[in-house]
Amino acid sequence: MINYQGILIKTHEAVPQPSLDTYFLLENLNIKRTDEILEIGTGAGLVTVYCAQRTRNVVAIDISEKSLRCSLANIIANRTYNTQLKKGELFESVEDQKFDLIIFNLSQLLATSTDLNPEKLLAGFTKKVRDYLKPEGRFQVLVPGILASEDTVSTIEQNNFIVDLIPHDKSPTGDYIIKVDLKGDS
């Protein structure tokens with residue numbers, strides 16, 4: 001059982017547990033009370049519950065049925081009923097929805113799956129994310145240090161985003177949060 005700021009999260013051996021990176025992400029989230037949030041990769045549901053306690057609505061996606069069940073149990077235990085859980089990969093289960101904030105812990109995903117190409121996954125995410133953001137939308141992605149390069153930032157900025165890179169000084173892999181806002185109406 002994990003207790004984070006009064007949020008009790010029961011974990012399961014088949015579901016990725018919140019890590020130092022998860023707590024770093026939570027400490028740096030830019031949440032507004034009126035936000036509608038999409039979390040990609042709910043895992044045990046800590047970020048989902050944390051966001052649900054602070055905002056209007058949260059949609060959480062995961063490809064793992066075990067993660068969705070674990071997250072649901074923690075949503076119920078923490079009485080955060082302003083959430084929806086959906087099974088899917090990246091944006092496939094929210095095709096017609098738009099969000100104020102999209103959260104993606106890419107580092108956690110890469111830590112639990114060795115057959116993914118991180119550069120390709122981040123590029124695919126940043127190419128599609130605009131389609132799921134409201135006009136003043138933003139997204140936050142936690143990435144391994146290897147992806148927090150000038151090339152990555154430049155690629156994101158070329159898509160008309162404003163990028164803020166925040167280093168995680170306690171991460172053994174040198175993780176970063178990439179905070180991104182839209183530049184305008186384009």
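Student: Lys 120 and Lys 127 of α5: are they buried or exposed, and how do you know?

Tutor: Both are exposed. Exposed is over 50% relative accessible area, buried is under 20%, and partly exposed lies in between (1.4 Å probe, protein chains only). This is a predicted model, where local features need pLDDT of at least 70, side-chain atom pairs need 80 or more, and totals for chains, interfaces and linings use all residues. Residues are numbered from 1 along each chain as its sequence is written, and side-chain values use heavy atoms, without hydrogens or water.

Student: What puts the buried residues of α5 on the same side?

Tutor: The buried residues of α5 (118-128) are Pro 118, Leu 121, Leu 122, Phe 125 and Thr 126. They cover an arc of only 125 degrees around the axis, so they sit on the same side of α5. The arc is taken over directions from the helix axis to the C-beta atoms. Lys 120 and Lys 127 are on the other side.

Student: Why is α3 called a helix, and how does its reach compare with the expected span?

Tutor: A helix is a DSSP run of H or I with at least four residues; a strand is a run of E with at least two, and both are numbered from the N terminus. α3 covers residues 65-77, 13 in number. The expected span is 1.5 Å times one less than the number of residues. For α3 that is 18 Å, and the reach from first C-alpha to last is 18 Å, close to the expected value.

Student: How do you know that the buried residues of α3 line one face?

Tutor: Ser 67, Leu 68, Cys 70, Ser 71, Asn 74 and Ile 75 are buried in α3. Down the axis they fall within an arc of 165 degrees, so they line one face. They pack against β2 (7-9), α2 (46-52), β4 (57-62) and β5 (83-87). Contact here means heavy atoms within 4.5 Å.

Student: Why do β4 and β5 count as paired?

Tutor: Pairing needs at least two DSSP bridges. Five join β4 to β5, so the two strands pair under that rule. They run parallel. Val 59 has Gln 84 as its bridge partner in β5.

Student: What makes the crossover from β4 to β5 right-handed?

Tutor: The chain goes from β4 through α3 to β5, and this β-α-β crossover is right-handed. The test has the strands pointing away from the viewer; right-handed means the path from the first strand over the helix to the second runs clockwise.
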